[in-house]
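User: Could you take a close look at one helix and the elements that pack against it, and then follow the chain outward to a few single residues that deserve attention? I would like one connected account.

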Amino acid sequence: MIKQAIIPLAGLGTRLLPLTSVLPKELLPINGKPGLEYILDECVEAGIKEIIFIISTKKQIIKKYFYNDNYFKRIIKKKRDNKRLVYEYNKIKKFKKIIKFVYQNKARGTGDAVLKCQKLIKSKHFLMLLPDDIIIKKNCSRVMIKLHKQYKSSVIASKKVKSKDVSRWGIFKLKKFSKSNFLIEDVIEKPSVKSSPSNYAVIGRYILPVNIFKILKKQKSGKNGEIHITDAIRTLIYQNNKFIGHVFAGKYLDCGTIGGYINASREISKL
């Protein structure tokens, strides 16, 4: 059973400058709470018992957010009737109990970030979530965990994108077997419109096998000198490891750009 999740948080968030010059993108408020908490809520509701944050020393403020007990106790003592603050503090304390931290101090890609977690992963598969991708109205991770159990397979979330936009995404070559699920035959990173094998894109939810660590250890750096998780997944597919793509039912919000961040606040405020 999948009980552990990895969330890479070491990225600099340059697409959200100047906001991220003072605050990590994951702590930027979306309708009154940090974007990261929407990801944490999804994990907890999906039955995850341990969450591994991958941060850098430059983003220690993320750790401080969950370990700022003295500050909260001092304020709560002064304002004893503040029920909202007590509620928020108790929620943070619950998150703190299930969070562990590892460090990626050099920007060497998502694959390198995942590799930092190897010694902490205890089961044969684990969940990975990318914090820029918020999915509302349906718990995508919970559905993916059910699919993993049903098909004894790794699972990656997907959404259908416009054909003219495929060059912005990782795109699946696939063999569809139901309305919402398909076998993944390959993953092509940002193909041209003409060479794209489909218009089903990779979205930041993955259930991955622990044997991906062996691949990542041997993997050579790719574009921009980084270790890309997509390259490791392709290797596993070529080695006949089963991967299923799942077209999730929830609403996708891209919080990695200024426009997407503003839109996410607008959409979540409607809930």
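Analyst: The account below starts with helix α4 and its two helical partners, goes on to the strands that follow, and ends with some backbone details in loops. The model is a predicted one, and everything said here should be read with that in mind.

Helix α4 covers residues 83–98, and helix α3 covers residues 69–78; their axes come within 11 Å and cross at roughly 160°. Because an angle over 145 degrees is counted as roughly antiparallel, α3 is described as roughly antiparallel to α4. The crossing of α3 over α4 is left-handed. On the α3 side the contact is formed by Asp 69, Phe 72, Lys 73, Ile 75 and Ile 76, while α4 contributes Leu 85, Val 86, Tyr 89, Ile 92, Lys 93 and Lys 96. Sorted by class, the contact between α3 and α4 holds 7 nonpolar and 4 charged residues, with no polar ones.

The second partner of α4 is helix α1, residues 35–45, whose axis lies 12 Å from that of α4 at an angle of about 65°. This angle makes α1 roughly perpendicular to α4. Here too the crossing is left-handed, for the pair α1 and α4. Glu 37, Leu 40, Asp 41 and Val 44 of α1 meet Lys 91, Ile 92, Phe 95 and Ile 98 of α4, and these residues divide into 5 nonpolar and 3 charged, again with no polar member. Ile 92 thus appears on the α4 side of the contact with α3 and on the α4 side of the contact with α1. The spacing of such residues along a helix can be read with a general point in mind: an α-helix has 3.6 residues a turn, so residues three or four places apart point the same way.

Helix α1 itself is largely enclosed by the rest of the structure, since 8 of its 11 residues are buried. The buried residues of α1 are Gly 35, Leu 36, Glu 37, Tyr 38, Ile 39, Leu 40, Glu 42 and Cys 43. Glu 37 and Leu 40 are therefore named both among the buried residues of α1 and among those that meet α4, under the cut-off that counts a residue as buried below 20% relative accessible area. Just after α1, Gly 47 takes a positive phi of about 95°.

Further along the chain, Glu 50 belongs to strand β4, residues 50–55. Although its side chain is a charged one by class, Glu 50 counts as buried, at 11% relative accessibility. The side chain of Glu 50 makes a polar contact of 2.7 Å with the side chain of Gln 4. Beyond its neighbours within four places in sequence, Glu 50 is in contact with Lys 3, Gln 4, Ala 5, Ile 98, Lys 100, Leu 120 and Lys 122. Ile 98 links this strand back to the helices, as it is also one of the α4 residues met by α1.

Strand β5, residues 99–103, holds Val 102, which is buried with a relative accessible area of 10%. Leaving out residues within four places in sequence, Val 102 is in contact with Ile 52, Phe 53, Ile 54, Ile 55, Lys 116, Cys 117 and Leu 120. Leu 120 is thus in contact with Val 102 and also with Glu 50. From Val 102 to Ile 134 there are 32 residues in sequence, and their C-alpha atoms are 22 Å apart in space.

Some backbone details remain. Most residues other than glycine have a negative phi, and most peptide bonds are trans. Against that background, the peptide bond between Leu 17 and Pro 18 is cis, with omega about 10°, and Pro 18 lies in the loop between β1 and β2. Lys 137, in the loop between β7 and α6, has a positive phi near 75° and is exposed, with a relative accessible area of 65%. Lys 190, in the loop between β10 and β11, likewise has a positive phi, of about 50°, but counts as partly exposed at 47% relative accessibility.

Conventions: Residues are numbered from 1 along each chain as its sequence is written. This is a predicted model: local features need pLDDT of at least 70, side-chain atom pairs count only at pLDDT 80 or more; totals for chains, interfaces and linings use all residues. Side-chain values use heavy atoms; hydrogens and water are left out. Axes are lines fitted to C-alpha atoms, for helices over the stretch in contact, and angles run from 0 to 180 degrees between N-to-C directions. Helices (H or I, at least four residues) and strands (E, at least two) are DSSP runs, numbered from the N terminus. Angles under 35 degrees count as roughly parallel, over 145 as roughly antiparallel, 65 to 115 as roughly perpendicular and the rest as oblique. A crossing is left-handed if the near helix is turned anticlockwise from the far one by less than a right angle, and right-handed if clockwise. Contact means heavy atoms within 4.5 Å. Buried means under 20% relative accessible area, exposed over 50%, partly exposed in between (1.4 Å probe, protein chains only). A polar contact is a pair of N or O atoms within 3.5 Å; within protein, one must be able to donate a hydrogen and the other to accept it, and residues adjacent in sequence count only if both atoms are side-chain atoms.
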